[in-house]
Amino acid sequence: MKIGIDDIGLFVPEHFFPLDELAARHNIDPNKYLVGIGQELMAVPAPDEDIVTLAANAALPLIDSATRASIATVILATESGIDQSKSAGLFVHSLLGLRADCRVVEFKQACYGATAGLQMACALVRQRPQEKVLVIATDIARYEQNSEGECTQGAGAVAMIVSENPRLLEIHPHQGRYSLDVMDFWRPNYRSTALVDGKLSIDVYLESLQHAWQNYRADGGLALTDISYLCFHQPFTKMAKKAFSVFENIEPEAAKALGDKAYSTSQLYGKAIGNCYTASLYIALLSLLDKTEEDLSGQHIGLFSYGSGSVGEFFSATVVKGYQAHSRRQQHARMLAQRTRLSHAQYSDWFYGNNQPASADYSTPRVTTGAFRYCGAEGYRRLYESTAQQLQMAS
Ligand code: COA
């Protein structure tokens, strides 16, 4: 039975802040961010956007009436949770008008959560092939202002429909996993920004990739010579180059044959968006599928997912013949091109201001023009709004 990604969509906020301007603010050479880190623009959520609106906006174009009727599970992965009890997926389930006989759950393991969601989705489809699973990775990457991590911030969501006989990517059964209890990046409940030992996180990421790859091979996975492209979790896009160096060390001949083109196209979206934690690997995948000119049909892709703390997983997939007909590349290109540049003051206020306070009642200013917006709270209950017309158009 072939199982995998039948449809995939990206949503990013409508506003961005450029990294060269951030470098000027920090009084450092812009090439440190543009070349050394590999980031050009940071996607910035408006005060009336959160992980729910990002997720619902990413999923909406994928939901026509037949898909709506066949989604039996929603898995929302995030490490920017809005509630300790209720799954953010329930708000999304409601905004998308999904059926009631559907299970909804939130997954968390730093940036790795969506991969656990994808693997669980494949297992559920194997069990009940007539049903589809909606997996959404949605996050806002937020570090202390003026910290080393600030230049890697970003926000966005990727939604995927997992089904039998997928139209885009067939996921292979082989899995290489590696878990290690380590404090390289974490965010205690009382903090809105992450704590990070950046250098340690890079070291553990690379160690995790090496172990996960060996574990994947022992599980019967493809040889590197059979893989055409590699997509890595990219907390900043330079990380893909560092990740590839693992293969240059352990599989030098195969890595040399692949060359930098094995990962360079997968960096393009990430450079213009920034880190989106759980969504970052899938943004890399979308970047590869959307921006590669050659026909990828039948090519094998290796994917490495990493979540600090830490869990790493290497898995692989085959691009399905005819995938281009189901691509949303034009929609993604329009969305990225139409964004508005923010001033430093506006970016600081939106990223670091108290725009979504811990108050019982407040309302957010109307900024986003997306199909869904976060309106504020009444009696501590989060309120969302949808544009009915856009919902109808999608069905
Ligand atoms: N021109 C070009 N490159 C430059 C440069 C310049 N003027 N100045 C510095 N660089 C390069 C450095 O050589 C380095 O490259 P390398 O990593 O290939 O050696 C890179 O820019 C980063 O410089 P560095 O001094 O290491 O940056 P930093 O101390 O500010 O921290 C991170 C970088 C990634 C650790 C930091 O952004 C961070 O903590 N990020 C969040 C955590 C994270 O993303 N972890 C990843 C694994 S999950």
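Reader: From which domains does the shell around the ligand draw at least three residues each?

Author: Domain bounds come from an automatic or database domain assignment, and in this predicted model the shell takes at least three residues from each of domain 1 (3–168 + 328–357) and domain 2 (174–324). Residues are numbered from 1 along each chain as its sequence is written. Local features need pLDDT of at least 70, side-chain atom pairs count only at pLDDT 80 or more, totals for chains, interfaces and linings use all residues, and side-chain values use heavy atoms, with hydrogens and water left out.

Reader: Which residues come nearest to the ligand?

Author: A residue is near a molecule if one of its heavy atoms lies within 4 Å of it; of the 19 residues around the ligand, Lys32, Lys199, Ser201, Lys238 and Lys242 come nearest.

Reader: Which ligand atoms do the polar side-chain atoms of serine 201 and lysine 242 lie beside?

Author: A polar contact is a pair of N or O atoms within 3.5 Å. Serine 201 places a polar side-chain atom 2.7 Å from a nitrogen atom of the ligand, while for lysine 242 the partner is an oxygen atom of the ligand, at 2.4 Å.

Reader: How are the strands ordered in the open sheet of three strands?

Author: Strands of a sheet pair through backbone hydrogen bonds, either parallel or antiparallel. Strands are DSSP runs (E, at least two residues) numbered from the N terminus, and two of them pair if DSSP finds at least two bridges between them; here the order is β16-β17-β18, with antiparallel pairing. Because β16 (362–363) and β18 (381–386) stand at the edges, each with a single partner strand, one side of each has no neighbour in the sheet.

Note on methods. Polar contact = N/O pair within 3.5 Å; in protein donor to acceptor, adjacent residues only side chain to side chain. Helix = DSSP H or I, 4+ residues; strand = E, 2+ residues; numbered from the N terminus.
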